[in-house]
Amino acid sequence: MSRKFKISVDGQSYNVVVDELTGDGVETPPPAATAHAVAAHAAVAAPPPVQSTVLAAAPGDEVAPLAGVVESIEVAVGTKIQVGDRIAVIEAMKMKTDVFAKHGGTVTRIAVKVHEGVETGQVLLSVG
């Protein structure tokens, strides 16, 4: 069912039509709609899922706990770290989050750079 509204944004008026949705997000059909029209609306395909570029982490890999931008990397290749050591800082939505080591050992590889965007689960560095 469609309803008409007039809204104002920054002093500019707009006429809009709003479709009423059911609880599951499906548009409520108008009272005179035919079964064919309703079925055609329901048959619209959903967009394909977005493929992630994050590769599976190997044992000893330290991964980003959230998506954001690498603010700093607190270790270098060859640094010996212990569980609980701060290894990086990630900024997301203007909040900085410390990333702490879940593995102890020697840093063998750093997979990201400062100011680089990362996704949740992306490998930050490897510990051997």
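**Entry 1: overall picture**

I began with burial: 20% of the protein's 128 residues are buried (buried is under 20% relative accessible area, exposed over 50%, partly exposed in between, with a 1.4 Å probe and protein chains only). The model is predicted, so I note its limits: local features need pLDDT of at least 70, side-chain atom pairs count only at pLDDT 80 or more, and totals for chains, interfaces and linings use all residues. Residues are numbered from 1 along each chain as its sequence is written, and side-chain values use heavy atoms, with hydrogens and water left out.

I then listed the secondary structure and found one helix and 10 strands. Helices (H or I, at least four residues) and strands (E, at least two) are DSSP runs, numbered from the N terminus. Along the sequence the pattern reads β-β-α-β-β-β-β-β-β-β-β.

I looked up the surface next. The accessible surface comes to about 9,200 Å², and carbon and sulfur atoms hold 60% of it (Shrake-Rupley method, 1.4 Å probe; for residues, only the protein chains shown count as cover). For contacts (heavy atoms within 4.5 Å), I took those with a separation of 6 or more: residues 24 or more positions apart account for 48% of them.

**Entry 2: two sheets**

I traced the strand pairing; two strands pair if DSSP finds at least two bridges between them. One open sheet has four strands in the order β7-β6-β4-β9, with antiparallel pairing. Its edge strands are β7 and β9 (117-118), each pairing on one side only. Inside this sheet, I followed β4 (residues 68-73) against β6 (residues 86-92): four bridges join them, antiparallel. V69 has E91 in β6 as its bridge partner.

The other open sheet I traced also has four strands, in the order β3-β10-β8-β5, again antiparallel. β3 and β5 stand at its edges with a single partner strand each, so one side of each is left without a neighbour in the sheet. β5 (residues 80-81) pairs with β8 (residues 105-110) over two bridges, in the antiparallel sense. There, K80 stands opposite T106 in β8. β8 also runs antiparallel to β10 (residues 123-127), joined by three bridges. I checked two positions: R109 stands opposite S126, and I110 stands opposite L125.

**Entry 3: the core**

I turned to the largest nonpolar core. The term means a set of buried Ala, Val, Leu, Ile, Met, Phe, Trp, Tyr and Cys residues joined through side-chain atoms within 4.5 Å. This core has 15 residues, and I81, I87, V118 and L124 touch the most other members. β6 and β10 are the elements that give two or more residues to it. In soluble globular proteins, nonpolar side chains tend to be buried together.

I pulled the contacts of L124, leaving out residues up to four places away in sequence. L124 touches E62, V63, A64, I90, V99, I110, A111, V112 and V118.

**Entry 4: V99**

V99 was next, in strand β7 (residues 95-100). V99 counts as buried because its relative accessibility is 3%. Beyond neighbours within four places in sequence, V99 is in contact with V63, P65, D85, R86, I87, A88, I90 and L124. I also checked V99 against A64: they are 35 residues apart in sequence and 7.4 Å apart in space, C-alpha to C-alpha.

**Entry 5: E62**

Which side chain of opposite charge is nearest to E62? I found K102, 5.5 Å away; E62 is buried yet has no salt bridge. For charge, Lys and Arg count as positive and Asp and Glu as negative, with His and the chain ends not counted. A salt bridge needs a side-chain nitrogen of Lys or Arg within 4 Å of a carboxyl oxygen of Asp or Glu.

E62 is in strand β3 (residues 61-63). Leaving out residues up to four places away, E62 touches I87, F100, A101, K102, H103, Q122, V123, L124, L125 and V127.

**Entry 6: positive phi**

I looked at two non-glycine residues with positive phi. K94 has phi near 65° and sits in the loop between β6 and β7. K94 counts as exposed because its relative accessibility is 77%. H115 has phi of about 75° and lies in the loop between β8 and β9. At 65% relative accessibility, H115 also counts as exposed.
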